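I opened the notebook today to look up charged pairs, a helix packing and a surface patch. The entries are kept in the order in which I checked them.

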Amino acid sequence: MERNISPLAKIFLFIIFFILYAPIFFLVFYSFNSGGTMYNFEGFTLDWYRELFQDTRLLIIVLNTLVIALLSALISTIIGVLGALSIYQVKKRRAKNTILSLNNVLIVSPDVIIGASFLILFTMAGIRLGFYSVLLSHIAFSIPIVVLMVLPKLMEMSPTLIDAARDLGASRWNVLTKVILPFITPGIFAGFFMALTYSLDDFAVTFFVTGNGFSTLSVEIYSLARRGISLNINALSTLLFLFTILLVVIYYFITQRNKAQVGGIRK
């Protein structure tokens with residue numbers, strides 16, 4: 001039975017969401033300030049957005065960030081799905097728990113340690129810091145996230161589905177493509193979007209492995225903020241916030257569609 005939320009719980013949730021979103025809306029509001037400061041709102045203007053779109057260097061950085069995020073999310077999703085399938089096939093509980101623990105360590109480890117480790121690795125391997133070092137780093141820290149998104153869906157899947165498919169003469173490839181992958185599709189999409197957002201938001205690891213002549217938005221915003229408050233940062237952050245909301249909406253509709261399809265099949 002569903003329980004109604006108490007008034008105290010509603011107030012608590014309102015306070016939590018207010019604390020989380022108030023700074024974001026404050027930043028968005030002052031991105032339209034013609035005064036050029038975040039203290040007194042003098043009037044509405046779109047000049048900061050026009051200036052932002054006229055900055056060729058910044059547009060290139062945006063493109064770099066999107067390319068890194070999409071490529072790292074795609075590659076890490078493929079590797080993460082294969083990794084989750086491999087972990088699912090492990091029969092010994094101790095071995096499976098050991099692998100999962102090693103996977104989880106990469107998620108809970110501080111970003112500074114991971115970034116410094118990648119920096120040392122790339123330096124020793126002779127890999128030049130830039131596009132490829134950032135891409136490899138983002139793939140590496142996104143794979144464990146994808147594994148954690150996909151593996152629970154595999155655990156939910158009944159082994160009888162696979163046994164029934166094999167009894168009907170399905171090959172291993174058919175079992176994988178027509179039984180397993182359709183069932184874990186929500187987990188795959190969740191892993192992809194999580195990897196995408198982590199790549200877009202990452203600063204600490206990227207700061208260590210980026211080189212001269214290449215930058216991402218997180219590192220660029222940090223460098224701009226150190227020079228002083230500029231409403232260009234507000235405009236750029238507002239667009240990033242809207243892009244993140246768009247990703248969430250897309251993910252929501254995809255999950256709802258998958259649920260509807262699964263519900264139709266079960267009926």
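What follows are my notes on this chain, which is a predicted model.

Entry on salt bridges. I looked up how many salt bridges the structure holds, and the count is three.

I began with aspartate 47, which forms a salt bridge with arginine 50, the closest N and O atoms being 2.6 Å apart. I then checked where the two partners sit, and both lie in helix α2 (residues 47–54), three residues apart, about one turn of the helix. For their surroundings I noted that aspartate 47 is partly exposed at 43% relative accessibility, and that arginine 50 is also partly exposed, with a relative accessible area of 47%.

Next I turned to glutamate 220, whose salt bridge is with arginine 57, again with 2.6 Å between the closest N and O atoms. Because glutamate 220 lies in helix α11 (residues 217–227) and arginine 57 in helix α3, this pair ties together parts that are 163 residues apart in sequence. I asked myself whether glutamate 220 is buried or exposed. At 4% relative accessibility glutamate 220 counts as buried, since the cut-off for that term is under 20%. Arginine 57, on the other hand, counts as partly exposed at 47% relative accessibility.

The remaining entry under this heading is the pair of glutamate 156 and lysine 153, whose side chains meet in a salt bridge at 3.3 Å, N to O. These two residues are three apart in helix α6 (residues 131–156) and are therefore separated by about one helical turn. I recorded glutamate 156 as exposed, because its relative accessible area is 52% and the term applies over 50%.

Entry on helix packing. I looked up how helix α3 (residues 56–89) meets helix α9 (residues 185–201), and found that they pack at an angle of about 145°, with their axes 8 Å apart. I noted the crossing of α3 past α9 as right-handed. On the α3 side the residues that make the contact include Leu66, Ala69, Ala73, Ser76 and Val81, while α9 contributes, among others, Ile188, Gly191, Phe192, Ala195 and Leu200.

Entry on the surface. I looked up which residues form a nonpolar patch on the surface, and they are Ile5, Phe12, Leu13, Ile16, Phe17, Leu20, Tyr21 and Phe25, with about 800 Å² of accessible area together. From this patch I followed isoleucine 16, which is found in helix α1 (residues 7–30). Isoleucine 16 is partly exposed, with a relative accessible area of 34%, so it passes the patch cut-off of over 30%.

Notes:
Residues are numbered from 1 along each chain as its sequence is written. This is a predicted model: local features need pLDDT of at least 70, side-chain atom pairs count only at pLDDT 80 or more; totals for chains, interfaces and linings use all residues. Side-chain values use heavy atoms; hydrogens and water are left out. Patches are made of residues with over 30% relative accessible area and no salt bridge: like charges are joined within 9 Å, nonpolar side chains (Val, Leu, Ile, Met, Phe, Trp, Tyr) within 5 Å. Accessible areas come from the Shrake-Rupley method with a 1.4 Å probe; for residues, only the protein chains shown count as cover. A salt bridge is a side-chain nitrogen of Lys or Arg within 4 Å of a carboxyl oxygen of Asp or Glu. Helices (H or I, at least four residues) and strands (E, at least two) are DSSP runs, numbered from the N terminus. Buried means under 20% relative accessible area, exposed over 50%, partly exposed in between (1.4 Å probe, protein chains only). Axes are lines fitted to C-alpha atoms, for helices over the stretch in contact, and angles run from 0 to 180 degrees between N-to-C directions. A crossing is left-handed if the near helix is turned anticlockwise from the far one by less than a right angle, and right-handed if clockwise. Contact means heavy atoms within 4.5 Å.
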